[in-house]
Amino acid sequence: MKVPSLEVGKQLQVGAGEAKALGKGTEMVRGAAYIEGPVQIGDDEAYDTITATVMIGREDNTDTKEQPEESLHVKGDVRIEGDTDQTGEITASGTVLGGSVKDSGGNVLSAKKDFDIPHPTKDGHRLRHVCLEGPEAAVYCRGRVCNGKNIIDLPDYWDGLVDYETMTIQLTALHSHQNVIVKRISPIEGKIYLQAQGGMPVDCFYHIMAERKDGEKLIPEYEGKSIEDYPGDNREYTHNK
């Protein structure tokens, strides 16, 4: 049956089921609609099988002069509970909050990685920091050597995680000029031996960085127009997908 137009004064109900949120009787929300689904909107050839409760294709109505590029345009806030499977690029004109935007391999796509939290000491303020970036997948450890020690103990897991040939070590002496140097690096022992001038006690801060070896090296610059043109596969760095 075809009708030129259909006007529903109260609610539209399609299929079985009762939408409790839309109310009943005197509590019925006027102008509301419940559709059991599945529902397909737009191009009738956009889908071959049922892939979702609501399937939206490009607008394909011959009565319109021009078909819009967007299949869905929302004015107002959007809330999504659950995972989002995104194919194609994401353009954000504002700030992306609550985490990082990543591709299927876990690679961060946002221009910068920041976090924004309530200020820990000032009421009515917030605190925002931005992550340090670099052309490598590096890890670090830091601490202090003192009280008669002259050895830095590296984390046990570094043996299978980092390339010791890429290690850099920064030392900052405390209280006196000690001329502290790195005397020896022992990957087998997982230790770094220090030495101060004249055998004086070592008292210093240390900051050690090294590149991860559990994946291919990052390619900082490459020819292309999108992330899909990346010539490597740095997804090997991501284990917690």
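This passage describes a three-stranded sheet in a predicted model, together with two aspartates, Asp203 and Asp214, that lie before and after one of its strands.

In the predicted model, three strands form an open sheet in the order S7-S12-S9, and their pairing is antiparallel. Strand S7, which spans residues 138-145, and strand S9, which spans residues 168-173, stand at the edges of this sheet; each has a single partner strand, so one side of each is left without a neighbour in the sheet. From one strand to the next, the twist averages 15 degrees. Strands of a sheet pair through backbone hydrogen bonds, in either a parallel or an antiparallel manner.

The two pairings that involve S12 can be described in turn. Between S7 and S12 the antiparallel pairing extends over eight bridges, and in this part of the sheet Arg142 stands opposite His207 of S12. Between S9 and S12 the antiparallel pairing extends over six bridges; here Gln170 stands opposite His207 of S12, while Leu171 stands opposite Tyr206 of S12. His207 is therefore faced by Arg142 and by Gln170, with S7 and S9 standing at the edges of the sheet. In a regular strand the side chains alternate between the two faces of the sheet.

Asp203 is placed in the loop between strand S11 (191-195) and strand S12 (204-211). With a relative accessible area of 15%, Asp203 falls under the 20% limit and is therefore classed as buried. The side chain of Asp203 makes a polar contact, at 3.0 Å, with the side chain of Arg144, a residue that lies within the 138-145 span of edge strand S7. When neighbours within four places in sequence are left aside, the residues in contact with Asp203 are Arg144, Val145 and Cys146, together with Thr172, Ala173, Leu174, His175 and Gln178. Among these contacts, Thr172 and Ala173 belong to the 168-173 span of strand S9, the other edge strand.

Asp214 is found in the segment that follows S12. Its relative accessibility is 24%, so Asp214 counts as partly exposed, whereas Asp203, at 15%, is buried. The side chain of Asp214 is joined to that of Arg212 by a polar contact of 2.9 Å. Although Asp214 and Gly160 are 54 residues apart in sequence, their C-alpha atoms are 7.7 Å apart in space.

Note on methods
Residues numbered from 1 in each chain as written. Predicted model: local features only at pLDDT ≥ 70, side-chain atom pairs only at ≥ 80, totals over all residues. Heavy atoms only, no water. Helix = DSSP H or I, 4+ residues; strand = E, 2+ residues; numbered from the N terminus. Buried < 20%, exposed > 50% of the residue type's maximum accessible area, 1.4 Å probe, protein only. Polar contact = N/O pair within 3.5 Å; in protein donor to acceptor, adjacent residues only side chain to side chain. Contact = heavy atoms within 4.5 Å. Pairing = 2+ DSSP bridges. Axes fitted to C-alpha atoms, helices over the stretch in contact; angles between N-to-C directions.
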